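Work through the exercises below with the model open beside you. Try each task before you read its solution.

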Amino acid sequence: MAIIISVGSGKGGVGKSVIAANLALLIAKKGKRVTLVDLDIGGADIHILFGLMNPPLTLTDFLHRRIERLEDIAHTLPAHSGLSLIPGTGDTLATANMPYAKKKRLIRQLKDLQTDVVIVDIGAGTSYHALDFFLMADQHVMVATPDPTSVLDLYRFIKLAAIRRVLSSFLARGAMADALSDHDFCSVDEVLEAAGQTDEASRLVAETTLRAFQPALILNRLSGRAHVNVAALKKLLTEYIGGHLTLLGEIPDDPAMERAVRGYLPVADREPTSPAAVALAAIADTLLTRMTSHTC
Ligand SMILES: Nc1ncnc2c1ncn2[C@@H]1O[C@H](COP(=O)(O)OP(=O)(O)OP(=O)(O)O)[C@@H](O)[C@H]1O
Ligand SMILES: [Mg+2]
């Protein structure tokens with residue numbers, strides 16, 4: 001079964017798509033079969049990063065059931081051996097407001113893709129779609145920049161993802177699901193308290209689910225003047241969310257990244273010795289190592 005890695009962020013424009021595209025390419029170069037999936041519902045653009053301007057089939061065809069099997073809309077990219085791309089959906093309100101059954105069908109087929117690694121680029125923000133697509137993965141990667149609004153949005157995203165994850169773990173437990181579903185929780189502690197009021201076993205389920213949620217962070221666009229106090233962020237997350245955040249790597253602000261976007265080729269291919277490409281290669285190696293331990 002494929003390992004699914006989701007790439008999300010609270011704030012838009014922080015570099016999720018370029019990072020997802022480059023990591024997919026770098027992992028494919030290491031001999032894995034990789035499928036890159038654009039799940040930025042309403043804002044799909046990853047195909048452009050590979051110079052694929054008008055993909056003949058996209059997620060829209062799958063969601064409207066013009067194509068039954070998700071793998072049939074995967075485009076092989078002849079220039080990038082081992083890598084295929086499922087282009088996203090952009091422009092209709094119907095897809096933006098995807099009903100639950102469609103989302104479930106999409107997630108089920110994503111998990112069944114015949115490949116080694118699936119990298120999923122998620123739209124920014126904390127909509128239910130974004131959170132559910134993010135959480136379905138085996139490994140959760142967050143991207144943030146040193147911009148204070150990006151760090152705040154990162155914190156908010158992780159908190160809401162943790163709450164949704166804990167609530168989802170109760171969906172199979174009828175009484176508990178009913179007790180929790182009517183309430184709009186704004187902190188993880190509140191969820192734990194509500195779970196504990198039902199019974200002690202429920203609180204334990206909630207705590208175990210939280211502990212298992214360990215997102216990894218990529219800091220992007222760092223420069224001499226712009227960096228993030230990662231230790232303080234980790235402490236905040238442990239204190240208020242109970243989860244553990246790992247720093248996966250740091251990518252410098254690098255004009256090579258922008259040149260690559262304008263050249264329709266990931267920076268890892270276009271300028272592999274640039275500082276951003278070198279940092280991305282190190283992150284891809286770390287992810288590969290984590291994958292090996294995941295399958296053990
Ligand atoms: N390390 C970097 N150095 C310089 N520029 C960068 C870097 N990372 C990203 N960028 C620039 O930021 C732009 C936005 O990146 P990208 O589209 O990947 O963000 P995003 O998080 O996917 O945005 P959205 O939320 O809109 O989907 C890119 O076009 C690129 O030019
Ligand atoms: Mg994007």
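A residue is buried if 20 or more other C-beta atoms lie within 10 Å of its own, exposed if 12 or fewer, and partly exposed in between, with C-beta atoms placed from the backbone. This is a predicted model, in which local features need pLDDT of at least 70 and side-chain atom pairs count only at pLDDT 80 or more, while totals for chains, interfaces and linings use all residues. Residues are numbered from 1 along each chain as its sequence is written, and chains are lettered from A and ligands numbered from 1 in the order in which they are written.

**Exercise 1. The loop before helix 1**

Classify Gly 12 and Gly 15 as buried, partly exposed or exposed.

Solution.
- Step 1: place them. Gly 12 is in the loop between strand 1 and helix 1. Gly 15 lies in the loop between strand 1 (3-8) and helix 1. Helices (H or I, at least four residues) and strands (E, at least two) are DSSP runs, numbered from the N terminus.
- Step 2: count for Gly 12. It has 13 other C-beta atoms within 10 Å, so Gly 12 is partly exposed.
- Step 3: count for Gly 15. It has 22 C-beta neighbours inside 10 Å, so Gly 15 is buried.
- Step 4: check the contacts of Gly 15. Leaving out residues up to four places away in sequence, Gly 15 touches Val 143, Asn 220 and Arg 221. Contact means C-beta atoms, placed from the backbone, within 7 Å.
- Step 5: add two distances. The C-alpha atoms of Gly 12 and Ser 84 are 24 Å apart, with their positions 72 residues apart along the chain. For Gly 15 and Met 136, 121 residues apart along the chain, the C-alpha separation is 21 Å.

**Exercise 2. The shell around ligand 1**

Which residues are the closest to ligand 1, and which elements give two or more residues to its shell?

Solution.
- Step 1: count. Ligand 1 is surrounded by 20 residues. A residue is near a molecule if its C-beta atom, placed from the backbone, lies within 6 Å of it.
- Step 2: list the closest. They are Gly 12, Gly 15, Lys 16, Ser 17 and Val 18.
- Step 3: assign elements. Helix 1 (16-29), strand 7 (216-222) and helix 12 (255-262) each give two or more residues to the shell.
- Step 4: sort by type. The shell holds 7 nonpolar, 7 polar and 6 charged residues. Ala, Val, Leu, Ile, Met, Phe, Trp, Tyr, Cys and Pro count as nonpolar, Asp, Glu, Lys and Arg as charged, and the others, Gly among them, as polar.

**Exercise 3. Positive phi**

Find the phi values of Arg 221 and Tyr 264, then state the setting of each residue.

Solution.
- Step 1: Arg 221. Its phi is positive, about 65°, although Arg 221 is not a glycine. Arg 221 is found in strand 7. With 20 other C-beta atoms within 10 Å, Arg 221 is buried.
- Step 2: Tyr 264. Its phi is near 55°, a positive value in a residue other than glycine. Tyr 264 sits in the loop between helix 12 and helix 13 (267-270). With 14 other C-beta atoms within 10 Å, Tyr 264 is partly exposed.

**Exercise 4. Two helices, two faces**

Where do the buried residues of helix 9 and helix 10 fall around each axis?

Solution.
- Step 1: helix 9 (residues 188-198). Val 188, Val 191, Ala 194 and Ala 195 are buried. Down the axis of helix 9, the buried residues fall within an arc of 125°, so they line one face. The arc is that of the directions from the helix axis to the C-beta atoms. On the other side of helix 9, Asp 189 and Gln 197 are exposed.
- Step 2: helix 10 (residues 200-212). Ser 202, Ala 206, Thr 209 and Leu 210 are buried. Their arc is within 100°, so these residues also line one face of helix 10. The face turned away carries exposed residues, including Glu 200, Leu 204 and Arg 211.
- Step 3: check Leu 210. It has 21 other C-beta atoms within 10 Å, so Leu 210 is buried.
- Step 4: check the span. Helix 10 has 13 residues and reaches 19 Å from first C-alpha to last, close to the expected 18 Å. The expected span is 1.5 Å times one less than the number of residues.

Definitions and conventions:
Two residues are in contact if their C-beta atoms, placed from the backbone, lie within 7 Å.
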